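Below is a short briefing on a predicted model, for use beside the sequence and the coordinates. It takes the overall fold, then single helices, then the chain contact and the confidence scores.

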Amino acid sequence: MDRTTTEWKLSLNLRAGLLAVVILALLLGLWEGLNRAPILGGGAELSEYEMLLGGADETARVPPPSAIMVRAWEQLSDPFYDAGPNDKGIGIQLGYSLYRVLAGYLMAAAVAIPIGFLIGMSPLMYKALNPFIQVLRPISPLAWMPLALFIIRDAEASAIFVIFICSIWPMLLNTAFGVAGVRSDWVNVARTHELSSLKTAFKVILPAAAPTILTGMRISIGIAWLVIVAAEMLVGGTGIGYYVWNEWNNLDLTSVIFSILMIGIVGMLLDMSLAYVARFVTYAE
Amino acid sequence: MSHAFVEVQQAAKRFPGATKTSPPLTVFENVSFQLQKGEFVCIIGHSGCGKSTIMNALAGLDQFSDGSMVMEGNEINGPGLERGVVFQNYSLLPWLTTLENVRFGVRARWKNWSEREVTEHSMKYLELVGLKDVVDRKPSQLSGGMRQRVSIARAFATKPKLLLLDEPFGALDALTRGVIQDELVKIWTKDQQTVFMITHDVDEAILLADRIFLMTNGPEARIAEAVEIDLPRPRNRAEIIKHPNFYTIRNYLVDFLVNRSGDLRVQEDESKGLRYPTSVNPARLNDPDENSTPQHEEKLVKFTPKEIRHG
């Protein structure tokens, strides 16, 4: 890579960053501007009715970005306070959600990757298990919730189960796809070197399929983070999903928007961390 | 009756026909040959004659529909470390570095070696192919020629009794090919392994081989002739073309590939016999005094079941 291309790349990044800032400023400006309550009476004397309302607006408005930024500052400067069941810091709520997501997700990985391996290696197992997968996969994870609540009899564990069931499929199918797609040349290398099946699995097939498996893991963590919000709205108690719904019940839209933003940021961080791991197993052919 | 180092007898490969009633497609049949220990044999033939199937069967990665294969009295019925393979597309593991790819083979071959022994042995072979400066690069960061050298180093480093090279230089440009051919000669001269190699390049075959098997066109191909190359060794590319017999041999081979490989296919009479390919020495074909029967045929000595140890 020569000097000119690096400079070009830098300037491209810089220009993209600038453009993003401009778009953000524009959107926030529009939002802030359009949500301003009209100056009542066009600056003229207030009517009797308006006086009765104390000059307040008749319709509730979406809070402006400035109010959300103030709320974000309040919340993030003390994220872990705990003032009773319905008043916990955003950090605590996110912590609960992350714990559930990771618990369900890791259990799913522990099940999906070995089974995916099996399905990918054995056409028999693929044909035998495929009908089950095809029927179970399109089921909305929340549809499992009543059954989970009945069988498990614990809201917390049911939420984890829902995460488990929704994150299992992308990992399972991607692992199977990756394993089945390992180039036969590489398997032949293992065969001509008399590697045992176990060694072939760990030394050739796993590294060869790892990028595809990691892609499945990234899809799964994304879905798990989508589903936890809905699951927590149902089971209640703690977690970011419950927090959103609780603030809606409190008619505190500023907090609702703030928590929506936090859900997005945490989801992005989860994806980025897996993308980082994926860099270590990616190879160029 | 003692047998050769490697013997293939009456091998055939058939594929079922397109429909249940149509006859099976016979790629080749009645292929029998011997490889002597330390011999370098090249096999030449047009595409589709089944060269690669023969090679993959020797490697244990494919199976004949018919016939038997024996190496040192043991039947070949699966891949094994005593047979090393260099594939046309290199087949390096892309997530491993150059050194790790060679170590992969060495570690599989000598399981009780220490890490240091494995690395030292691998480095020795990487040095032989001139790659000791790029041992930490991944295959994707190497040129095609360098990748094939790694693949050759990996195969030779495990010291197989029989080396199978499937058109190893097919994807390389002529200049690179020449350099690696010289390296192959060097490493082969050092270890004196038995090599069986597919090639499409007549000059390459003359440079490297003790004998060249000529296959007729498929389907229903067979090995028609085994051409003996008795040019003096060590050979090198610059000197060999000056040898008086070089062009006699070369013309003979080209003539076979261009004119006779198709004609011979339709000659049914020979293909049904139980015999090894006809031995030919092109240099002596026009010299009746020295050898009155330049083309002599050997009858096949069939294996008795007792001679084949299974497993």
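Chain A has 11 helices and zero strands, where helices (H or I, at least four residues) and strands (E, at least two) are DSSP runs numbered from the N terminus. With a radius of gyration of 26 Å against the 19 Å that the globule rule gives for 285 residues, chain A is more spread out than a compact globule. That radius is taken over C-alpha atoms, and the rule is 2.2 Å times the number of residues to the power 0.38.

Residues are numbered from 1 along each chain as its sequence is written, and chains are lettered from A and ligands numbered from 1 in the order in which they are written. Because the model is predicted, local features need pLDDT of at least 70 and side-chain atom pairs count only at pLDDT 80 or more, while totals for chains, interfaces and linings use all residues.

**Overall form of chain A**

- The C-alpha trace of chain A spans about 95 × 65 × 35 Å along its principal axes.
- Of the 285 residues in chain A, 30% are buried (20 or more other C-beta atoms within 10 Å of the residue's own; exposed means 12 or fewer, partly exposed in between; C-beta atoms are placed from the backbone).
- Among contacts in chain A with a separation of 6 or more, 70% join residues 24 or more positions apart; a contact means C-beta atoms, placed from the backbone, within 7 Å.

**Helix H5 and the loop after it**

- The 14 residues of H5(A), residues 123-136, should span 20 Å at 1.5 Å a residue, and the end C-alpha atoms are 20 Å apart, which agrees; the expected span is 1.5 Å times one less than the number of residues.
- H5(A) has a kink of about 40 degrees at Leu129(A), shortly before Pro131(A); the bend is the angle between axes fitted to the seven residues ending there and the seven starting there.
- The number of buried residues in H5(A) is zero, so this helix lies largely in the open.
- Pro138(A) sits in the loop between H5 and helix H6 (145-152) of chain A, and counts as exposed with 7 C-beta neighbours inside 10 Å.
- Pro138(A) is 9.4 Å from Trp169(A), C-alpha to C-alpha, with their positions 31 residues apart in sequence.

**Helices H7 and H11**

- In H7(A), residues 155-180, 21 of the 26 residues are buried, so the helix is largely enclosed by the rest of the structure.
- A kink of about 30 degrees falls at Ile168(A) in H7(A), shortly before Pro170(A).
- H11(A), residues 253-281, reaches 43 Å from first to last C-alpha, close to the 42 Å expected for its 29 residues.
- The buried residues of H11(A), including Phe258(A) and Met262(A), pack against helices H3 (65-77), H4 (90-121) and H10 (240-249) of chain A.

**Contact between the chains**

- Chain A gives 14 residues to the contact and chain B gives 16.
- On the side of chain A, H8(A) gives the most, with six residues.

**Confidence**

- The model scores ipTM 0.84 and pTM 0.83.
- Chain B has a mean pLDDT of 84, with 87% of its residues at 70 or more; pLDDT is the predictor's confidence in each residue, from 0 to 100.
- Among the elements of chain B, helix H9 (residues 268-271) has the lowest mean pLDDT, 51, and helix H2 (residues 98-109) the highest, 96.
- Over residues 290-294 of chain B, pLDDT stays under 50.
- Where pLDDT is low, predicted coordinates should not be read in detail.

Methods: Contact = placed C-beta atoms within 7 Å.
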